[in-house]
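This report walks through one protein model. Keep the sequence and the 3D view open while reading.

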Amino acid sequence: MIGLLTGATLSAPARADWFFGLFGGSDAPPAPRPDAVSYSVEFVTPDDSLKDVLQGASNLYRLRQDPPESGEGLARRASADLPRLVDALWAQGYYDASARAIIDGHAIEMGGAGLDAAARAAESARGRSVVTIRLEIHPGALYHIGAIKIVDAQTGAPIDPEIAKPRVLKLASGDPARANAVRDMQARLADAIRATSHPFAKVDLAQAAVLHDSQTVDLLVKVDSGPKAGFGEVTITGARDLDPRVVRSFIYVEPGDPYSPEKIAAMRRSLAQIEAIGSTRILESDHLDRDGNLPITAQIDERKKYAVSAAAQYSSIDGPSARADWTARNLFGGGERLRLSGLVGYSQETTYNSNTRDWFDPNRMIGRFNANFIKPALWGTRNDYLADVTLAREVTTSYQAEYFNVSQYIRHRFDETFSAQGGWEVERGTSQDSFGKTNYFLSGVSVGLRYDTTDNPLDPHRGVRVLATGGAYPRFFGSSINLFQGKAQASTYYSIDEDSRYIIAGRIGLGAGGGADILDIPDTRRFFAGGGGSVRGYAYRSLAPLGANGQPIGGQSLFEASMEARIKVTDDIGIVPFVDAGDAYATSFPDFTQMRYAVGLGLRYYTGFGPFRVDVAFPLQRQSGEPSMAFYVGIGQAY
């Protein structure tokens, strides 16, 4: 027998009626009434795992709260259900399936035999009782995939085995012959061919031969690769107030570059970096241009010009904080973004110079005001101008500091994953700890690199992210001390399964510096570990070499590492066991003379804008006076 698997019903649609059933029963049939034949439905099958599939395919089940007006109408509704149920079972690989409906002892067979008697029985119950309909389903044996033959649609020759690899097909002889598995195989094969610069590739299931003797299904798949092509001209539409040259500068393909679906996806991710753009559609032409290239249209939707946001977080060690942002987008029509941010918080720990037990100690107040400006695509190039102004007050267990920082950079974007920047930074401040008070001034060059192939900024599933910064603030630039520092952080994300329900995430951070004695370096520029973005379970910036008074004084180098297993229990809930490690060192490079560790467990609630995060961490090398646990609340993954 020859059949088309793709024409069958694939699976049960999502339903919401289970929710209402929690409160007293949408499954209960309507009470008998004279103008309708109320009924209930019972599925009888030897395999309970098929009930959801059968219910999803059954109009009789779906319309049970809307009974027909007559017994004949009910009988015809039941009769029409039978081929639907068989089709649903075929789609699941049961090619010997049969079904019949029983109404008050009268059977309706496939083809309609017995319908009249069942209709009369149902009509006699109208207005008096609820009719019970039994749907008796016999799925038979589960069929499996036999031979899979994939050929070129034009020549009939087998296609290149390098394209039809097992990891692409993910379907082999012996697998259950389910329609959705076959269709998924076709989609993956089409994607693999498109990835070889064939934008019009088509994959058709020519036929599925059902062999009842062997209970297998042989597949013949025909592939039409279509012409090989590159990218053509890129057209920008939807840019009302935004300069199209800015949009074009974030698209890193040029006419003639080989076509690639991954490049199409990269365009969307890249354009999302322009805050003036709300949504993007990349439209591929249905024909090639005269040069054999595929024209592309980037259709954008601009966001509202102004936005206000607020957020709060809390750590049992680091204390509470609240933040508010005001953002202006596309200020002058060139994609410019100005963001003003304010943060206030209260340090949970007693500071080095305060032992007050009062419920409120003003010395523990922290704050930060920041103005950040970006002008992307200077003169239509891939160079961006960045400026930042920060006024801040920091309070930790070992120091307090106030400083004013101004920086300006030029950033060059090589592509959607890699950028580099360089500029000038000036900072003036006061740093005070148990060794005294230091007034300082820094002036120097600062550089940075960013490499990011992750698929989601707040909840990465795959990819690598590397951030590196470095600064040189010598005296001949006007600084009060010689200071040279660099810091790098790399994180990687690996999805174990295709649906990204199991993800392994790892992070490592390194810092190094020199040029001045540690006590001459401002506290804010020394390296510390500890806190929610570092080694959880320990207080913010509390891990570092200790001074004579036992307080951490900061180091000239840093090492941090973390490992997480991000496990989705349901689509909305996940758990995250983790291990953190790290410390700061007195040497210019980490010498690993000491290391602090913590373990913990996180809870994630996944929302449309990012996961809501709660982490509980337990320090493994707790010192006297340090808490035995800490918890953190925030938005987004820890890294």
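What follows covers a small set of strands, a surface patch and the salt bridges.

**A sheet with a helix on it**

The model is predicted. One of its sheets is open and has three strands, in the order β9-β11-β10. The pairing in this sheet is mixed. β9 covers residues 230-237 and β10 covers residues 277-284. Both stand at the edges with a single partner strand each, so one side of each has no neighbour in the sheet. From one strand to the next, the twist averages 25 degrees.

β11 spans residues 293-302. β9 and β11 run parallel and are joined by six bridges. To find the pairing on screen, start at Thr235: its bridge partner in β11 is Thr297. Helix α9, residues 261-271, packs on this sheet. The helix touches β9, β10 and β11. Its direction makes about 160 degrees with that of β10.

**A nonpolar patch on the surface**

Which residues make the nonpolar surface patch of about 880 Å²? They are Leu458, Val569, Ile573, Ile575, Leu601, Leu603, Tyr605, Phe609, Phe612 and Ile635. Two strands, β24 (573-585) and β25 (596-606), each supply at least two residues of the patch. β25 gives the largest share, three residues.

Phe612 belongs to the patch. This residue sits in strand β26, residues 611-619. Its relative accessible area is 36%, so Phe612 counts as partly exposed.

**Salt bridges**

The structure holds 38 salt bridges. Three of them are set out below, with the N to O distance for each.

| Acidic residue | Basic residue | Distance, N to O |
|---|---|---|
| Glu42 | Arg134 | 3.7 Å |
| Asp81 | Arg84 | 3.4 Å |
| Glu275 | Arg337 | 3.0 Å |

Take Glu42 and Arg134, whose side chains meet in a salt bridge. Glu42 lies in strand β2 (residues 39-44) and Arg134 in strand β5 (residues 131-138), so the pair ties together parts 92 residues apart in sequence. Glu42 is partly exposed, at 36% relative accessible area. Arg134 is partly exposed too, at 30%.

The bridge between Asp81 and Arg84 stays within one element. Both residues lie in helix α4, residues 71-91. They are three residues apart, about one turn of the helix. Is Asp81 buried or exposed? Asp81 is buried, with a relative accessible area of 0%. Arg84 is partly exposed, at 32% relative accessibility.

The side chains of Glu275 and Arg337 also meet in a salt bridge. This pair links distant parts of the chain, 62 residues apart. Glu275 is in the loop between α9 and β10. That places Glu275 between the helix that packs on the sheet and one of the sheet's edge strands. Arg337 is in strand β14, residues 337-346. Arg337 is buried, with a relative accessible area of 9%; the cut-off for buried is under 20%.

Salt bridges also form a network. Its members are Arg536, Glu564, Arg566, Asp580, Arg604, Arg613 and Asp615. Where does this network meet the strands of the patch? Asp580 falls in the range of β24 and Arg604 in that of β25. Arg613 and Asp615 fall in the range of β26, the strand that also holds Phe612.

Methods
Residues are numbered from 1 along each chain as its sequence is written. This is a predicted model: local features need pLDDT of at least 70, side-chain atom pairs count only at pLDDT 80 or more; totals for chains, interfaces and linings use all residues. Side-chain values use heavy atoms; hydrogens and water are left out. Two strands pair if DSSP finds at least two bridges between them. Helices (H or I, at least four residues) and strands (E, at least two) are DSSP runs, numbered from the N terminus. Axes are lines fitted to C-alpha atoms, for helices over the stretch in contact, and angles run from 0 to 180 degrees between N-to-C directions. Contact means heavy atoms within 4.5 Å. Patches are made of residues with over 30% relative accessible area and no salt bridge: like charges are joined within 9 Å, nonpolar side chains (Val, Leu, Ile, Met, Phe, Trp, Tyr) within 5 Å. Accessible areas come from the Shrake-Rupley method with a 1.4 Å probe; for residues, only the protein chains shown count as cover. A salt bridge is a side-chain nitrogen of Lys or Arg within 4 Å of a carboxyl oxygen of Asp or Glu. Buried means under 20% relative accessible area, exposed over 50%, partly exposed in between (1.4 Å probe, protein chains only).
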